[in-house]
Amino acid sequence: MHIVNQEEDEKWMRHALSLADKAEAMGEVPVGAVVVLNGNIIGEGWNSPITDHDPSAHAEIRAVRQAALHKGNYRVVDATLYVTLEPCAMCAGMIVHARIARVVFGAPDLKTGAAGSVMQLLQHNALNHQVDITSHILQQACAEKISAFFRRRRAEKKASKLKAVITDSLEK
Ligand SMILES: [Zn+2]
């Protein structure tokens, strides 16, 4: 069992949010993740599948890869992973393989969340490793960052479509 300290959780989640900004700056869906062990950051990641041409380049995968390298071990035992969005099935599988002790996430993902929203892979009866979960930490800020990104992208698409229509009509 882990002693849950909400102030501590919010502190690391704010850091994960700042990493999500790096994803956003590259035009990626803004999700950020940080791996913490004994009060120290040992891995950081942000979403970059488009930039990297890599469907596995989710924030969690990148953060845990860095943490495992840091530890010199493919298992990152006793660590806590903070991520702004509920992990998907791929990331949840990786989290179990890595033996991460605890996952803290901000916004639930009602479409692909594998930490309880759509399925529960972090605490699956058939698996021999169960991950502690804390959810809804800075939920509003985490969710708003993603929805603002999609709002802006829709507006940009609309604007460029409109521009195309205007250019087209001017040319006629
Ligand atoms: Zn994922």
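How many aromatic pairs does the structure hold? Just one, and it gets its own close-up below. This is a predicted model, where local features need pLDDT of at least 70, side-chain atom pairs count only at pLDDT 80 or more, and totals for chains, interfaces and linings use all residues. Residues are numbered from 1 along each chain as its sequence is written, and side-chain values use heavy atoms, with hydrogens and water left out.

**View 1. The zinc ion and its donors.** H58 (ND1), C88 (SG) and C91 (SG) coordinate the zinc ion at 2.1 to 2.3 Å. Donors here are N, O and S atoms within 2.8 Å of the metal (3.2 Å for Na, K and Ca); water is not among the atoms, so sites may look incomplete. Along the chain, the donors follow the spacing H-x29-C-x2-C. H58 sits in the loop between α2 (49-52) and α3 (59-71), while C91 is in helix α4 (residues 89-97), 33 residues apart. Helices are DSSP runs (H or I, at least four residues), numbered from the N terminus. H58 is partly exposed at 24% relative accessible area, whereas C91 is buried at 0% (buried is under 20%, exposed over 50%, partly exposed in between; 1.4 Å probe, protein chains only).

**View 2. The aromatic pair, F149 and F150.** Their ring centres lie 5.3 Å apart with planes at 75°, so this pair is edge-to-face. Rings of Phe, Tyr and Trp (its six-membered ring) pair if their centres lie within 6.5 Å; planes under 30 degrees apart are stacked, over 60 edge-to-face and the rest tilted. F149 is buried at 7%, but F150 is partly exposed at 29%.

**View 3. Lysines over tryptophan rings.** K11 lies over the face of W12, 4.4 Å from the ring centre. Over at W46, the charged end of K22 sits over the ring, 5.2 Å from its centre. A charge counts as over a ring if NZ of Lys or CZ of Arg is within 6 Å of the ring centre and within 35 degrees of the ring normal.

Notes: Helices (H or I, at least four residues) and strands (E, at least two) are DSSP runs, numbered from the N terminus.
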